[in-house]
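Reader: I would like a close look at the backbone of this model, in particular at peptide bonds and phi angles that call for a second glance. Please take them one by one and say where each sits.

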Amino acid sequence: MSALGDILHRRIAQTGPLTLADYMAEALGHPEHGYYITRDPLGAAGDFTTAPEISQMFGELVGAWIANAWMEAGSPAPFILAEAGPGRGVLMADLLRATARVPGFHAAARLHLIETSPALRKMQAERLTGHAPAWLERVGDLPDGPLFFVANEFLDALPIRQFVRQVQGWAERCVTSDGARFSFALRPAPEAGLLLAPEIADAPPGSVAEICPAAQAIAREIAERLGRHGGAALIADYGHMGPATGDSFQAMKAHAFTDPLAEPGEADLTAHVDFAPVDAVFAANPLIRRGFATQGAWLRALGIEQRLAALLARADETQAEALRSGCSRLIDENGMGTLFKMFGAAAGEMQTLPGFQ
Ligand code: SAH
């Protein structure tokens, strides 16, 4: 049994079943044995691959969007350039390279990375030398100032609570243990009816509904900063603009699905992101404009095909093949183009939000 499995079995024996959110938080973020704390999970040798890892064009176009939003905001200097969950730092490196010739942008940027993993902080430091990043534990620790924020596949790693509709009302799905194995259990959750969107609060028996309180709290932090100091945010992830029912809790190991209860700390645990509660937080401020699009539509609108053509013009055979297949994976319907979404928000009435027509 893994060290973390052992700890969680004992904890459940002492204090009872864990909510799915507690289980997920421990499995991913336990300070000693958590999945993200102990390793680099990305890339071919890891457990999963993300858009910036697939092609440089993703980070370049995110950079173009951010630089445009910064200029539309009047090129505030200094400003906070922040990324949550930067992984190996690839997206930020591509963003910074793509914006190197935007007058004043690099000089004004104060780079802040929100990252809990010591292993990944180290890789970020190596890839982003010269840009003097500051690392933070949480979004709420960001200093005050105009904020330009990006996150890719960050919200999907935040702990979710899951509710299962019974004939008598909602129950919460928990994780229990017999001392050797973990299994799911239910506990009554009369509060669920108040926490879920009205459209699904009366879903039929058997329905599963999910909420992600941490994603909403982070959205609130960002929206409040955009309201107070100006700025923009671009959040990418796989998911939908809710409300939806269905069990999206999943575990990935070595690029394949696995049992999320089998080895806590050894597999990536995620859930689909419901962007509706995130959007609602920003919508509460009438001076913040929002946009939502599939990743494929957004990248096309930002000009990925033109960017591909420009890169192909100076690529050799092998590079050309990688560029073409990377572009297809990012935008094709049977790749990431439809399942993955982009959410954008920007303060200020005059803002246009490229990519979100
Ligand atoms: N954005 C990167 C990596 C995605 S993986 C990419 O697209 O390639 C998720 C990232 O979020 C990792 O860097 C992980 O360490 C970080 N992370 C996960 N949970 C976190 C939390 N609660 N607080 C801060 N960072 C977290």
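Author: The backbone is taken here in two parts, cis peptide bonds and then positive phi angles. This is a predicted model, in which local features need pLDDT of at least 70, side-chain atom pairs count only at pLDDT 80 or more, and totals for chains, interfaces and linings use all residues. Residues are numbered from 1 along each chain as its sequence is written, and side-chain values use heavy atoms, with hydrogens and water left out.

Ala77 and Pro78 are joined by a cis peptide bond, and its omega is near -5 degrees. Pro78 sits in the loop that runs between helix H5 (56-72) and strand E2 (79-84); helices (H or I, at least four residues) and strands (E, at least two) are DSSP runs, numbered from the N terminus. Another cis bond leads from Gly242 to Pro243, with omega about -20 degrees. Pro243 belongs to the loop between strand E10 (231-240) and strand E11 (250-253).

Next come the phi angles. Ala132 is not a glycine, yet its phi is positive, near 45 degrees. The loop between helix H8 (118-127) and strand E4 (134-136) holds Ala132. Ala132 is exposed, at a relative accessible area of 66%; exposed means over 50%, buried under 20% and partly exposed in between, with a 1.4 Å probe and protein chains only.

Ala254, also not a glycine, has a positive phi of about 50 degrees. Ala254 lies in the loop between E11 and strand E12 (256-258). With a relative accessible area of 53%, Ala254 is exposed.
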